[in-house]
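Let's take a walk through this protein together, one spot at a time. Keep the structure open beside you and find each residue as we get to it.

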Amino acid sequence: MSPKQNRRGATRQTVTGVTTTSKLASAKGFSLSRYFRLHQQTLLESLIRLFAYPLASIMTIVVISISLALPGGLFVMLKNVERVTDQWERQSVISLYLFSNLDDTEALSLSHQLSARADVSSVEYISKEEGLRYFEQSSGYEEILSALPENPLPIVLKVIPTAPVSLATLQSLTDLKEDLSELPQVEYVELDAQWLQRLATILNFGQRFVYALSALLIAAVLLIVGNTIRMAVESRREEVLVMKLVGATDAYIRRPFLYMGFWFGALGGLLACIMILLLSWWVSTPAERLIELYHSGFELQTFNAGEVVLCLTISAIVGTGGAWIAVSRHIADIELQ
């Protein structure tokens with residue numbers, strides 16, 4: 001009585017032509033054109049097999065696309081915010097409040113010294129009297145201020161740096177502020193770029209959040225593809241056993257499953273790019289109206305050609321990687337007995 005086939009393997013029986021086929025394959029030698037034709041054929045067959053079960057395949061592709069579209073959409077949003085902040089470049093002012101006991105001669109001398117610096121565009125000198133007049137006009141307390149026995153306001157030097165304020169020059173402006181604060185004549189220094197510092201902190205947080213979310217969702221795509229390929233391997237267990245029985249290598253058996261993972265990743269990435277482009281088009285009309293209200297020439301940005309190619313490449317690599325992890329493990333578990 002012949003041994004029975006079980007679930008973990010198959011009976012090794014005499015198969016006519018197995019040795020002959022192996023010898024013929026070895027005798028042919030390696031042909032590059034034949035190698036690429038085999039891969040092309042396997043690529044097309046894996047795509048056809050993918051849509052042999054259209055509902056399950058489409059659901060898997062949609063889940064992958066949503067997982068990739070979320071970090072992609074956040075990336076587009078951050079890119080537009082950074083472009084808006086780049087258009088907010090303007091001249092920054094560093095206000096130096098000198099000690100009250102400093103006279104005009106010393107203050108003017110310090111003003112000339114600062115004007116000679118390469119990182120300083122100009123210095124505006126505001127005397128105590130000019131500061132008091134401006135404060136009276138802006139506050140409306142002329143009578144109260146005129147009753148004071150002496151002018152309590154210090155001499156102020158408004159230093160205008162050479163570099164305009166922006167996220168790129170924020171660190172250099174901060175360094176200049178720290179440098180000026182160490183002058184012995186200066187009591188207090190104020191840089192009117194604190195709003196930009198807060199914005200830079202928010203953008204930095206947003207970038208790290210997008211990177212962390214992208215890593216988590218890419219891991220989720222790996223698990224989705226891996227689980228799908230594992231189910232595909234299980235559904236073709238008998239076919240894998242037959243291929244092993246006739247002498248097929250693990251690389252040959254693994255190839256169609258890897259291409260299946262490639263198609264899952266590539267199609268999921270393509271659908272994710274389409275989602276992001278459609279979402280950008282959907283919000284473009286209200287965004288343009290808002291931009292018109294602020295009389296800005298800003299144009300809403302979305303995925304460009306390079307970013308689309310990058311998204312497709314990453315999604316295809318992730319899909320292939322997930323398939324490799326799943327198929328390598330499960331094919332090794334299918335052994336001949």
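Start at aspartate 119, which has a relative accessibility of 31% and so counts as partly exposed. Keep in mind as you look that this is a predicted model. Aspartate 119 has a partner: its side chain meets that of arginine 117 in a salt bridge, with N and O 3.1 Å apart. Arginine 117 is partly exposed too, because its relative accessible area is 26%, and partly exposed covers everything between the 20% limit for buried and the 50% limit for exposed.

Which other side chain does arginine 117 meet in a salt bridge? Look for aspartate 179, with an N to O distance of 2.9 Å. Arginine 117 sits in the loop between helix 4 and strand 2 (120-126), while aspartate 179 belongs to helix 7 (residues 170-181), so this pair ties together parts that are 62 residues apart in sequence. Aspartate 179 comes out as partly exposed, since its relative accessibility is 34%.

Now move along to another salt bridge, the one between arginine 237 and glutamate 234, where the closest N and O atoms are 3.4 Å apart. Is arginine 237 buried or exposed? With just 6% relative accessibility, arginine 237 counts as buried, because the cut-off for buried is anything under 20%. Its partner, glutamate 234, has 27% relative accessibility and therefore counts as partly exposed. Going back to where we began, salt bridges with shared partners join Arg117, Asp119 and Asp179 into one network. Across the whole structure, a search turns up five salt bridges.

Arginine 237 also leads us into helix 9 (residues 237-245). The buried residues of this helix are Arg237, Val240, Leu241, Met243, Lys244 and Leu245. Just past the end of helix 9 you'll find glycine 247, with a positive phi of about 95°.

Next up are the charges on the surface. Asp103, Asp104, Glu106, Glu124, Glu129 and Glu130 gather there in a patch of negative charge. Two elements each give two or more residues to this negative patch: helix 4 (104-115) and helix 5 (128-139). Pick out glutamate 129, which is found in helix 5. Its relative accessibility is 45%, so glutamate 129 counts as partly exposed.

The surface has a nonpolar patch as well, made up of Phe51, Ile58, Val62, Ile66 and Met275. Together these residues have about 400 Å² of accessible area. Which helix gives the largest share of the nonpolar patch? That's helix 3 (residues 54-86), with three residues. Methionine 275, on the other hand, lies in helix 10. At 30% relative accessibility, methionine 275 counts as partly exposed.

Time for some rings. Searching the whole structure gives four aromatic pairs. In one of them, phenylalanine 205 and phenylalanine 209 have ring centres 6.4 Å apart and planes at 25°, so the pair is stacked. The angle is what decides the label here, because planes under 30 degrees apart count as stacked. These two phenylalanines are four residues apart in helix 8 (residues 194-235), which means that about one helical turn separates them. An α-helix has 3.6 residues a turn, so residues three or four places apart point the same way. How open are the two rings' residues to the outside? Phenylalanine 205 counts as exposed, at 60% relative accessibility, while phenylalanine 209 counts as partly exposed, at 47%.

Stay in helix 8 a moment longer and find isoleucine 224. Isoleucine 224 is partly exposed, because its relative accessible area is 22%. Its C-alpha atom and that of glycine 322 are separated by 8.0 Å, although the two residues are 98 apart along the chain.

For the last stop, go to helix 10 (residues 250-293), where you'll find alanine 251. With 40% relative accessibility, alanine 251 counts as partly exposed. How many residues apart along the chain are alanine 251 and serine 328? They are 77 apart, and their C-alpha atoms are separated by 9.2 Å.

Methods:
Residues numbered from 1 in each chain as written. Predicted model: local features only at pLDDT ≥ 70, side-chain atom pairs only at ≥ 80, totals over all residues. Heavy atoms only, no water. Patch = residues over 30% accessible without salt bridge, like charges linked within 9 Å, V, L, I, M, F, W, Y side chains within 5 Å. Areas by Shrake-Rupley, 256 points an atom, 1.4 Å probe, with all protein chains shown as cover. Salt bridge = Lys/Arg side-chain N within 4 Å of Asp/Glu carboxyl O. Lys, Arg positive; Asp, Glu negative; His and termini not counted. Charge placed at Lys NZ, Arg CZ, Asp CG, Glu CD. Buried < 20%, exposed > 50% of the residue type's maximum accessible area, 1.4 Å probe, protein only. Phe/Tyr/Trp six-rings, centres within 6.5 Å; stacked < 30°, edge-to-face > 60°.
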